[in-house]
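User: I would like to go through this structure step by step. Please explain each answer briefly.

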Amino acid sequence: MWAFIARRILATIPVMAVVAMVVFLMLRLSPTDPAAMIAGDYASSEQIARIRTQLGLDRPIYVQFVEWLGQILRGDLGVSIFSNLPVTTLIAQRIEPTLMLAATSIVFSIVVAVPLGVLAAWKAGTWIDRLVMLFAVAAFSFPVFVLAYVLIFEFSIAWRIFPTQGYRSPFVDFAGFLHHIALPTLAISTIFIALITRITRASVIEVLGEDYIRTARAKGQIERRVLFRHALRNAAVPIVTVIGLSLVILIGNAIVTESVFNIPGVGRLVVDAVLKRDYPVIQGLVIALSFTYIIINLIIDIVYAMLDPRIRY
């Protein structure tokens, strides 16, 4: 197992190197001048030249890459032009709301979707199965921002149950945290509940036709034990795959959701950096998010090996 983990970790190193190179070249070889974009439409040539010197864009590109790669290896993602703060500091200031939103969304999605998928597979072809699949199709069809505005209108404006915006830290006010995070979590989770439910249903239906399931039933084991210990466990690999995919998609949806609900997370930081044309912050965020995707895929591969020992070989 440890040898498998070591091989997977070593395999991520060239992937991270390629990602870093692509991000570096994508921003520096674009047709537009980054310094001119940051300076704005009415900036003078002197102002543009000063920004270009500040960002090091006046040096040869290979020198820029070597220096930038050295900064990345030291954990230095650059300094914001407008706030004059390190990008790592800006991310650290905004990371808690995004992590809390991601954690509540994925936990809520799994807790709701997996039992729904198992129930639909167990009752395949019945009205229960059709009702669950109808919900899954409808939920998957709603864009996140549309659902977010519908939830705000119903639960915040019409019924006045939840606040329309803002964030409370769970380490300071846990009740306030749950009160503020409920609608954003529901808005993001709906599409993932639909996706995980459909995959769980399909995987469990396939496993329920296996011989060992019939053997377990013939031995007189209760149906709940057959479903969750035998069927769900052996159908776990596709479910883990879609959960990992949901984590990756969730980061993108968090940008929209945090903007709608005015949550001061990394998603809002991305939007603010793009609007301000804060070049170092955009570059640092792209690198940080790309590495996050790679690490999530690494964790998924390790979970595969834990669930199915055959994958290690």
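Analyst: Contact here means heavy atoms within 4.5 Å. The model is predicted.

User: Which helix holds Arg-201, and which residues is Arg-201 in contact with, leaving aside neighbours within four places in sequence?

Analyst: Arg-201 is found in helix H8. Once its neighbours within four places in sequence are left aside, the residues in contact with Arg-201 are Gly-117, Ala-120, Ala-121, Asp-129 and Met-133.

User: What distance separates the C-alpha atoms of Arg-201 and Gln-221?

Analyst: Along the chain, Arg-201 and Gln-221 are 20 residues apart. In space, their C-alpha atoms are separated by 21 Å.

User: How do H5 and H8 pack, and how far apart are their axes?

Analyst: Two packed helices are described by the angle between their axes and by the distance between those axes. H5 passes H8 in a right-handed crossing. The residues of this contact divide into 21 nonpolar, eight polar and one charged. The packing angle is about 35°, and the axes are 5 Å apart.

User: What is the angle between H5 and H13?

Analyst: H5 passes H13 in a right-handed crossing. On the H5 side, Val-87, Leu-90 and Ile-91 meet Pro-280, Val-281, Gly-284, Leu-285 and Ala-288 of H13. The contact residues divide into seven nonpolar, one polar and no charged. The axes are 10 Å apart, and the angle is about 65°.

User: Which helix gives the most to the largest nonpolar core?

Analyst: The largest nonpolar core has 27 residues, and those with the most contacts inside it are Leu-55, Val-281, Leu-285 and Ile-287. Helices that each supply at least two residues of this core include H1, H5 and H12. The helix that gives the most, with six residues, is H13.

User: Which residues does Val-281 touch, not counting those up to four places away in sequence?

Analyst: Val-281 is among the residues with the most contacts inside the largest core. Not counting residues up to four places away in sequence, Val-281 touches Ser-80, Val-87, Leu-90, Leu-269 and Ala-273.

User: How many residues does the second, separate core have?

Analyst: This core includes Ile-106, Ala-121, Ile-193 and Val-207. Its size is 21 residues.

User: Is Asn-253 buried or exposed?

Analyst: Asn-253 has its place in helix H11. Beyond its neighbours within four places in sequence, Asn-253 is in contact with Val-144, Ile-188, Ile-191 and Phe-192. A residue under 20% relative accessible area counts as buried. Asn-253 has 15% relative accessibility, so Asn-253 is buried.

Notes: Residues numbered from 1 in each chain as written. Predicted model: local features only at pLDDT ≥ 70, side-chain atom pairs only at ≥ 80, totals over all residues. Heavy atoms only, no water. Core = buried A, V, L, I, M, F, W, Y, C linked by side-chain atoms within 4.5 Å. Buried < 20%, exposed > 50% of the residue type's maximum accessible area, 1.4 Å probe, protein only. Axes fitted to C-alpha atoms, helices over the stretch in contact; angles between N-to-C directions. Left-handed = near helix turned anticlockwise from the far one by under 90°. Nonpolar A, V, L, I, M, F, W, Y, C, P; charged D, E, K, R; others polar.
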